[in-house]
Amino acid sequence: MAANSSIDPVDIGTLRTLVLVYDLQSFSAAAKRLDVNQSTISYAIERLRGALHDPLFVRGGNGVTATERCAALVAWARDMIVEIDGLASRVEFDPATAQGSVTISCNYHERQTLIPQFSTRLRAGAPKVRLVLLDAAGHGDVHLKQNQCDIVLGPVGIAGESFFRRHILTDHYVCVMDPANPLARGRIALSAYARAEHVFITHSGEWQPLYLEALKAREIEIEPVVSLPNHDSLERIITGTRLVATIPYHLARAMRGGLHVAALPFRVPISIDMYWSARTAKSGLHKWARGLLAEVARACAA
């Protein structure tokens, strides 16, 4: 009988650990993500080091850096994990009995317009599945590439052969203001819009709204009277003032207050796309969740 190869004891769990350490560039961060002791992570990597006769990771700065051989192994391991996950999920999927979680990275816009209905339908169709939301805040691509989420929603662009995209909703910008604002009396001219008292939503400096680029193309610069990190307090701040905010239409429609919604004097589309990776591409649960999100988006658009 042939002797066992030194690689034989390495299992799929060890490969998952390797990929996670590679993505996070940290043993401690990987341990925290998996909710295990750091010694568990170290033991898994040591097994691979012994089997492959390579250090795999070397310490540098606040984290670890992968060796050339480690990077090649991680590329192979990703494909292997996707294949094994696909084999495990190629059975009849029943959402009523499904267990697991769906983690979505998105912004305030999607959390206000799509997620409430999605959550309701998810709970009704798959009551044992847990929904986890992450604040994308300009980092949705990082969340997806580091396997922190299963789906990214929003006006983002994520490139790469191992990522998939589906367009689910086109929104556009509108103006919201107090009903007593003089600009609420009729159609807003571009010159009047430029002179208005604007509220800017800065997204904590992580992302710039698309309409500002459209204004720049028209050689129009507007200065904010008020700058907010997000939309949370927008309705309360605008009420009773002459302030004007430029926000997505579906977000304005979801607001509960009595703000007046007016057409923007120029049209700027907002493409809301859904991204996922090869890791969950063949998962029955995640395919079902993506289909459900697309249905909710169609209903929102209608």
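Where does Gly138 lie? Select Gly138 and you will find this glycine in the loop between strand E4 (129–135) and helix H7 (140–145). Helices (H or I, at least four residues) and strands (E, at least two) are DSSP runs, numbered from the N terminus.

Before going on, a word about what is on your screen. This is a predicted model, in which local features need pLDDT of at least 70 and side-chain atom pairs count only at pLDDT 80 or more, while totals for chains, interfaces and linings use all residues. Residues are numbered from 1 along each chain as its sequence is written, and side-chain values use heavy atoms, with hydrogens and water left out.

**Stop 1: around Gly138**

Stay with Gly138, which is partly exposed at a relative accessible area of 44%. On this scale, buried means under 20% relative accessible area, exposed over 50%, and partly exposed in between (1.4 Å probe, protein chains only). Now add Asn107 and Glu206: Gly138 touches both, not counting residues up to four places away in sequence. Contact here means heavy atoms within 4.5 Å. Then pick Ser204, which is 66 residues from Gly138 in sequence and 9.4 Å away in space, C-alpha to C-alpha.

**Stop 2: a pocket**

Next, show Asn107, Tyr108, Ala137, His203 and Trp207. Of the 32 residues lining the second largest pocket, these are the closest to its centre. The volume of this pocket is about 510 Å³. On a 1 Å grid over the protein atoms alone, a pocket is an open set of points where a 1.4 Å probe fits, with protein on both sides within 12 Å along at least five of seven lines; lining residues have an atom within 4 Å of a point. Colour helix H5 (108–113), H7, strand E9 (243–248) and E11, since each supplies at least two residues of the lining. H5 gives the largest share, 4 residues.

**Stop 3: Asp273**

Follow strand E11 (residues 269–277) to Asp273. Is Asp273 buried or exposed? Asp273 is buried, because its relative accessible area is 5%. Show the side chains of Arg165 and His167 too. The Asp273 side chain makes a polar contact with the side chain of Arg165 at 3.2 Å and another with that of His167 at 2.9 Å. A polar contact is a pair of N or O atoms within 3.5 Å; within protein, one must be able to donate a hydrogen and the other to accept it, and residues adjacent in sequence count only if both atoms are side-chain atoms.

**Stop 4: helix H1 and some backbone angles**

Select residues 12–24, helix H1. The 13 residues should span 18 Å at 1.5 Å a residue, and the end C-alpha atoms are 18 Å apart, which agrees. Buried residues in H1 include Leu15, Leu18 and Val21. Just after H1, Gln25 has a positive phi of about 55 degrees. Most residues other than glycine have a negative phi. Two further places to look are Asp35, with phi near 60 degrees, and His53, with phi of about 55 degrees. Asp35 is exposed at 70% relative accessibility, and His53 is exposed at 68%.

**Last stop: confidence**

Colour the chain by pLDDT, the predictor's confidence in each residue, from 0 to 100. The chain has a mean of 87, and 93% of its residues reach 70 or more. Over residues 1–5 the pLDDT is below 50, and this stretch has 0 contacts in the model beyond near neighbours in sequence. Where pLDDT is low, the predicted coordinates should not be read in detail.

Conventions. The expected span of a helix is 1.5 Å times one less than its number of residues. Grid points are joined across faces, edges and corners, and a volume is the space filled by probe spheres set on the points.
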